[in-house]
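This briefing concerns one acidic residue and the strand that carries it. Please consult the sequence and the structure shown below while reading.

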Amino acid sequence: MLILGIDPGTATTGYGLVRESEDGDLTAVAFGVITTPARTPMPDRLLQLHAEITTLIARYQPDAAAIETLYFGKNVTTAITVAQGRGVILLALAQAGLPVREYKPAEIKQAIAGYGNADKGQMQEMIRQLLGLDDLPRPDDAADGLGVAITDLNASRFERLSAG
């Protein structure tokens with residue numbers, strides 16, 4: 001099973017593709033970020049984001065996708081732009097016919113580090129260990145994409161075990 005995990009954004013979107021083998025081992029297939037230039041008009045940034053997500057899907061052919069839900073902090077303007085990027089990403093995933101699951105940031109932290117308020121460093125180290133990487137996955141957004149994918153694989157595994 002190959003999962004595309006996404007940490008959505010407009011300026012920076014993190015992604016990670018994680019494969020689960022038959023025996024349950026997890027492997028990072030690819031990870032990175034999609035960045036859009038700050039002074040580019042929003043419609044053009046959204047078009048670029050859609051095109052790059054579509055290219056990732058075509059290149060790696062994931063079985064499913066998982067995306068982090070929107071976290072509303074104090075900055076409403078940032079939340080709105082992130083929501084626009086998230087919407088374009090969800091559109092690309094739906095156009096590809098991928099099943100999509102959504103996870104809250106605290107759910108991802110709980111699934112990866114065992115603590116819903118884990119910091120970035122704790123998350124990166126746990127992701128490094130879970131995937132057997134030599135170095136911490138960077139940048140943070142790419143590590144977050146990997147974390148979303150791992151969370152989804154673990155949730156899927158739990159559902160399979162619970163079903164019988």
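In which strand does D7 lie? In this predicted model, D7 belongs to strand β1, which covers residues 2-7. The points below treat the surroundings of D7, the two faces of β1 and the pairing of β1 with other strands.

**Environment of D7**
- D7 is buried and yet forms no salt bridge.
- The nearest side chain of opposite charge is that of K120, at 5.4 Å, whereas a salt bridge is counted only within 4 Å.
- Leaving aside residues up to four places away in sequence, D7 touches T12, T13, G14, E68, D141, D144 and G145.

**Burial and faces of β1**
- Because 6 of the 6 residues of β1 are buried, the strand is largely enclosed by the rest of the structure.
- L2, L4 and I6 point one way from β1, while I3, G5 and D7 point the other way, and all are buried.
- In a regular strand, side chains alternate between the two faces of the sheet.

**Pairing with β2**
- Strand β2, residues 12-20, pairs with β1 in the antiparallel sense over 6 bridges.
- The connection from β1 to β2 is a hairpin of 4 residues.
- Within this pairing, R19 of β2 is the bridge partner of L2.
- T12 and T13, among the contacts of D7, fall in the residue range of β2, 12-20.

**Pairing with β4**
- β1 runs parallel to strand β4, residues 64-68, and 4 bridges join the two.
- A64 in β4 stands opposite I3.
- E68, one of the residues that D7 touches, falls in the range of β4, 64-68.

Methods: Residues are numbered from 1 along each chain as its sequence is written. This is a predicted model: local features need pLDDT of at least 70, side-chain atom pairs count only at pLDDT 80 or more; totals for chains, interfaces and linings use all residues. Side-chain values use heavy atoms; hydrogens and water are left out. Buried means under 20% relative accessible area, exposed over 50%, partly exposed in between (1.4 Å probe, protein chains only). Lys and Arg count as positive and Asp and Glu as negative; His and the chain ends are not counted. Contact means heavy atoms within 4.5 Å. Two strands pair if DSSP finds at least two bridges between them.
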